[in-house]
Amino acid sequence: LNTKPWQVSKLVSITKNASSALKASSILALQRVADRGQAGVVELLVQSSNTEDLAVKASVQQALPALASKGDKKALSSLCHDVKHTCPRIRLGAILGLSALAERGDKIATNSVCQAVQDSDSGVRCAALWALASIAIKGDRLALK
């Protein structure tokens, strides 16, 4: 349980108003003081991921699995979107986030991860195969293609 709500409040404020480097750092710091599923925090992270700033986007991808609840639709939607990003580092982070947050059998997450199996980057392909093992249901035709 979060014992220092003022820290969360301050970090949320910084994240909303800061420059890129400070925003990325405040997002990472939220992992240490916010509770999983804490009101407003996941929404802030998802909102913050709507940027082309790679440092901020990577920070969000690292923080989402620690702060979102398993199966959180907003977090999963954000990560599924990032599976198609132009930067391999961002695609990799999205796959790792999906493997941590998606419920087994989540069709949307499984579809996104399946697309990444054909990625041009070998690290993304390996992560996608690993993620499929944790989210696909045995015998899932989509995952078997």
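How many residues does helix H2 have, and what distance does it reach from its first C-alpha to its last?

**Close-up 1. Helix H2 in the predicted model.** Helix H2, spanning residues 20-33, has 14 residues and reaches 20 Å from its first C-alpha to its last, which is close to the 20 Å expected at 1.5 Å a residue. Along this helix, Lys23, Ala24, Ser26, Ile27, Leu30 and Val33 are buried, and the buried residues of H2 pack against helix H1 (5-17), helix H3 (41-48) and helix H4 (54-67).

**Close-up 2. Valine 12 in helix H1.** Valine 12 is found in helix H1 and counts as buried because its relative accessibility is 18%, where the cut-off for buried is under 20%. When its neighbours within four places in sequence are left aside, valine 12 is in contact with Leu30 and Leu44. Leucine 30, itself one of the buried residues of H2, lies 18 residues from valine 12 in sequence, and the two are 7.9 Å apart in space, C-alpha to C-alpha.

**Close-up 3. Helix H6 and the helices that cover its buried residues.** Helix H6, spanning residues 88-101, has 14 residues and reaches 20 Å from its first C-alpha to its last, close to the 20 Å expected at 1.5 Å a residue. The buried residues in H6 are Ile90, Arg91, Gly93, Ala94, Ile95, Gly97, Leu98, Ser99 and Leu101. What covers these buried residues of H6 includes H4, helix H5 (73-82), helix H7 (107-116) and helix H8 (122-135); helix H4 is also among the helices against which the buried residues of H2 pack.

Notes
Residues numbered from 1 in each chain as written. Predicted model: local features only at pLDDT ≥ 70, side-chain atom pairs only at ≥ 80, totals over all residues. Heavy atoms only, no water. Helix = DSSP H or I, 4+ residues; strand = E, 2+ residues; numbered from the N terminus. Expected span 1.5 Å × (residues − 1). Buried < 20%, exposed > 50% of the residue type's maximum accessible area, 1.4 Å probe, protein only. Contact = heavy atoms within 4.5 Å.
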